[in-house]
Structure formats: C-alpha cells, structure tokens
Amino acid sequence: MKDRVRVFSLAVITALLATTAPVQADEYPQGCVDCHKQEPGKTNLTLNALLAQIGHPKLPKVKKVPTSCGGCHASDEGEENQFAHMIHQIHFDVPKANLFTTRFGGDCLHCHAMDADSGEALVKSGPRNW
Ligand code: HEC
Ligand code: HEC
Ligand code: HEC
C-alpha cells in the first residue's frame with residue numbers, strides 16, 4: 001500500500017522521520033483517504049467531494065490516492081506547481097491557521113512513512129473511497 005517517492009532531499013526527510021517516528025499505532029495507515037472520507041452524519045470530506053467544490057475536473061481514472069493524482073499532476077523537482085509543493089502548502093499554510101496543523105498536529109507521518117528495511121521515505125496511499 002505504499003509507493004516510493006522520488007525523494008529530493010532524502011537525507012533531510014530521513015532524519016526528520018527518524019526523530020519523529022511515533023511509538024503508537026499509525027492512525028492514518030493509508031494516508032489521504034484515512035482523513036478525507038465520509039463518516040455517517042458528518043460532512044463528506046472525500047477528495048472527490050472537496051475538489052468538486054472548487055471546480056476541479058472529475059476523477060474517473062483515480063484508483064489509488066494520491067498515486068493516481070500523478071496521472072495529471074507532476075512532482076518533478078524544481079517545478080513551481082508540482083504536486084508535492086501544492087499538497088504541502090495546502091496542509092501547512094500557517095498564516096491561515098490551517099486545520100491540519102491546529103487540529104491534527106501537522107505531522108509529516110500522517111502522509112509519509114519510513115521503510116525500515118531500505119531506510120527510504122515513502123508516501124502512504126490507499127484505494128479511492130468515493
Ligand atoms: C491527518 C489528516 C489529513 C491527511 C492524512 C490528509 N489531509 Fe488533506 N486536509 C486535511 C485537513 C484538515 C484539510 C483542511 C485544511 C484547512 O482548510 O485548514 C485538508 C485539505 C486538503 C485539500 C484542500 C481541499 C479544499 O477544500 O480546498 C486537499 C486537496 C487535500 N487536503 C488533499 C490531501 C491529499 C492528496 C492527502 C494525501 C497525500 C491528504 N490531503 C492527506 C487533513 C488531512
Ligand atoms: C484528469 C486530470 C487530473 C487528475 C487525475 C487530478 N487532477 Fe488535480 N487538477 C487538474 C487540473 C486540470 C487542475 C487545474 C490546474 C490549474 O488550475 O492550473 C487541477 C488542480 C488541482 C488543485 C488546485 C485547485 C486550485 O484551484 O487551487 C488541487 C489541490 C488538485 N488538483 C488536487 C488533486 C488531487 C488530490 C488529485 C488526486 C485525488 C488530483 N488533483 C487529480 C487535473 C487533475
Ligand atoms: C498532507 C500530506 C503530506 C504531508 C502532511 C507531508 N507531505 Fe511530503 N509529500 C506529500 C506528497 C503527496 C508528496 C508527493 C509524492 C509524489 O508525488 O509521489 C510529498 C513529497 C515529499 C518529498 C519529496 C520531495 C518533493 O518535495 O517533491 C519530501 C522531501 C517531503 N514530502 C517531505 C515532507 C516533510 C518533511 C513533511 C513534514 C514537514 C511532509 N512532507 C509532510 C504529502 C505530504
């Protein structure tokens with residue numbers, strides 16, 4: 001369920017993740033879809049619903065999140081509009097007192113994981129949930 005990231009600053013993220021590795025169980029083993037979901041009686045927080053609200057193109061080909069987002073969004077180094085930059089900015093925009101940081105603690109490990117064997121940083125993923 002985990003995909004390899006092309007890690008630009010592997011040393012940095014590896015050090016960060018190693019020092020913040022939690023002892024408790026992972027609340028979000030599948031990353032994005034473990035937060036962005038629909039629970040009975042609550043607002044629909046699936047990415048399909050949130051993105052539709054901001055006029056995003058429909059997502060028929062998305063099977064895995066965020067892996068399939070890469071079908072249209074590149075994460076090449078040095079690109080201003082690259083996916084990683086965009087997703088980081090959405091969740092860590094401190095001046096807006098972003099909910100991800102105030103309510104969810106803003107942990108890198110909500111989306112990333114360490115492969116203990118290879119020592120590589122990964123982005124967690126899960127099947128579409130809409
Ligand atoms: C631990 C919970 C959590 C995880 C994991 C998470 N998000 Fe979010 N996400 C949030 C919260 C909270 C917001 C709302 C931020 C705000 O408005 O303050 C948000 C906002 C967003 C938005 C903006 C939606 C809008 O209405 O404009 C997108 C897009 C998004 N997330 C995509 C992702 C993707 C892609 C992943 C996985 C790589 C991911 N999120 C993982 C909690 C999470
Ligand atoms: C079929 C192609 C396609 C797929 C698949 C796709 N996107 Fe997009 N996305 C777009 C296009 C086109 C835009 C508009 C780009 C622009 O405004 O410059 C966009 C814009 C966005 C924006 C910026 C919205 C804004 O107005 O600021 C976010 C956030 C986003 N996509 C998240 C995602 C996520 C998360 C996924 C995977 C669940 C995803 N996208 C999958 C085509 C796609
Ligand atoms: C809301 C989810 C989310 C959070 C939280 C998050 N990341 Fe990411 N990160 C991503 C996604 C999505 C990618 C792009 C993966 C891809 O394109 O394959 C990425 C890519 C990266 C990369 C690869 C290089 C790049 O920028 O393209 C690094 C390094 C990274 N993240 C570091 C961090 C660090 C350090 C933190 C904590 C401060 C963090 N991330 C928090 C979702 C997240």
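Lys42 and Glu39 form a salt bridge in this predicted model, with their closest N and O atoms 3.7 Å apart. The pair counts because the distance falls within the 4 Å allowed between a side-chain nitrogen of Lys or Arg and a carboxyl oxygen of Asp or Glu. Lys42 is exposed, at 55% relative accessibility. Glu39 is partly exposed, with a relative accessible area of 35%.

The count of salt bridges comes to two. The other pair is Lys124 with Asp26, whose side chains meet at 2.7 Å, N to O. Lys124 belongs to strand S4 (residues 120-124), while Asp26 sits in the loop between helix H1 (10-20) and H2, so this salt bridge ties together parts that are 98 residues apart in sequence. The two partners can also be described by their accessibility. Lys124 has a relative accessible area of 1% and is therefore buried, since the limit for that class is under 20%. Asp26, at 40% relative accessibility, is partly exposed. As background to both pairs, side chains of opposite charge can pair when their charged atoms come close.

The ligands come next. Ligand 1 is surrounded by 18 residues, and the closest are Cys32, Cys35, His36, His91 and Leu99. Two of these histidines make polar contacts through their side chains: an N or O atom of His36 is 2.8 Å from a nitrogen atom of ligand 1, and for His91 the distance from an N or O atom of the side chain to a nitrogen atom of the ligand is 2.8 Å. Asn98 contributes a polar side-chain atom that lies 3.0 Å from an oxygen atom of ligand 1. Four elements give two or more residues to this shell, namely helices H2 (32-35), H3 (47-53), H4 (83-92) and H5 (99-102). H4 gives the most, with three residues. By class, the shell around ligand 1 holds 13 nonpolar and five polar residues, and no charged ones.

Around ligand 2 are Leu51, Ile54, His56, Pro57, Leu59, Val62, Cys69, Cys72, His73, Phe83, Met86 and Ile90. Polar contacts to ligand 2 include those of two histidines. A polar side-chain atom of His56 lies 2.7 Å from a nitrogen atom of ligand 2. An N or O atom in the side chain of His73 is 2.8 Å from a nitrogen atom of ligand 2. Helix H4 gives the most to the shell around ligand 2, with three residues. That shell has 10 nonpolar and two polar residues, with no charged residues.

Notes:
Residues numbered from 1 in each chain as written. Chains lettered and ligands numbered in written order. Predicted model: local features only at pLDDT ≥ 70, side-chain atom pairs only at ≥ 80, totals over all residues. Heavy atoms only, no water. Near = heavy atom within 4 Å. Polar contact = N/O pair within 3.5 Å; in protein donor to acceptor, adjacent residues only side chain to side chain. Nonpolar A, V, L, I, M, F, W, Y, C, P; charged D, E, K, R; others polar. Buried < 20%, exposed > 50% of the residue type's maximum accessible area, 1.4 Å probe, protein only.
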